[in-house]
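Notebook, structure session. I open the model and go through charges, overall form and then a few hairpins.

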Amino acid sequence: MSTINDQLIHSTAIIDKGSKIGIGTKIWHWTHICSGALVGDNCNLGQNVFVSGKAIIGSNVKIQNNVSIYDMVVLEDFVFCGPSVVFTNVKNPRSHISRKNEYKKTIIRKGVSIGANSTILCGIEIGKYAFIGAGSLVTKNVKPFSLMLGAPAIHSGWISKTGERFKFPTNGLQEWKCSETGEIYFYDEKTDMVELKKNF
């Protein structure tokens, strides 16, 4: 193990020149960070993680074992990726055709959790604090605070910042209070969206 700028980097990890790794980040066995990759502060990258040169990882991100973050994939702050999560960056790959100029951007917003063995197709956005259940196949954009389950993944309720599951309407009301934080969530029927209540 080596420690530089409060980073903890295992001796088997490969860190290419030109990559940028934030303060306090931990990088474990057999992980490869390519030149050009951006990794924020206080991240934890598990065993056998690959980060491509045009990937962006925010701060306080946790990536479990055997996950590859390819070009054009963006993980914002506080994202969690379970073991063996799969990202893609081409919609119609062929071995005999180079499609590097057709990579699609995939954005995983702040606080999202992605369960083990889930697959995220390219070109979509997963909204803040959404929760993708283990083994799900996400094929389209996901609204903030959504709980997505299945293959293909379907909307199966809503989930708080702390991971507490809820549904609307709740006793005929369009508001729900998190038992852990006291935060109040509001459901807008017109947009079919959930947000934290303003002026909380």
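Entry 1, charges. I looked up the charge balance of the chain: the mean positions of its 23 positive and 16 negative charges lie 6 Å apart. Lys and Arg count as positive, Asp and Glu as negative, and His and the chain ends are not counted. Each charge is placed at NZ of Lys, CZ of Arg, CG of Asp or CD of Glu.

Entry 2, ground rules. The model is predicted, so to speak of local features I need pLDDT of at least 70, and side-chain atom pairs count only at pLDDT 80 or more, while totals for chains, interfaces and linings use all residues. Residues are numbered from 1 along each chain as its sequence is written, and side-chain values use heavy atoms, with hydrogens and water left out.

Entry 3, overall form. I find 0 helices and 27 strands in the chain (DSSP runs numbered from the N terminus; helices are H or I with at least four residues, strands E with at least two). The radius of gyration is 18 Å, close to the 16 Å of the globule rule for 200 residues, so the chain is as compact as a globular protein of that length. That radius is taken over C-alpha atoms, and the rule is 2.2 Å times the number of residues to the power 0.38. The C-alpha trace spans about 55 × 45 × 25 Å along its principal axes.

Entry 4, β22 to β24. I noted that β22 (residues 146-149) and β23 (residues 154-159) run antiparallel, joined by 3 bridges; strands pair if DSSP finds at least two bridges between them. S146 stands opposite W158. Their hairpin has 4 residues between the strands, and G150 takes a positive phi near 105°. β23 also pairs with β24 (residues 165-166), antiparallel over 2 bridges, with I159 partnered by R165. Here 5 residues lie between the strands, and G163 in the turn has a positive phi of about 95°.

Entry 5, β25 to β27. β26 is joined to β25 (residues 175-177) by 3 antiparallel bridges, and I184 is the bridge partner of K177. On the other pairing, 4 bridges join β26 to β27 (residues 193-196), again antiparallel, with Y187 opposite V194. In the hairpin of β26 and β27, D192 takes a positive phi near 55°.

Entry 6, faces of β26. Which side chains of β26 (residues 184-188) are buried? Y185 and Y187 are, on one face, whereas I184, F186 and D188 point to the other and are not. Buried means under 20% relative accessible area with a 1.4 Å probe, protein chains only.

Methods:
Buried < 20%, exposed > 50% of the residue type's maximum accessible area, 1.4 Å probe, protein only.
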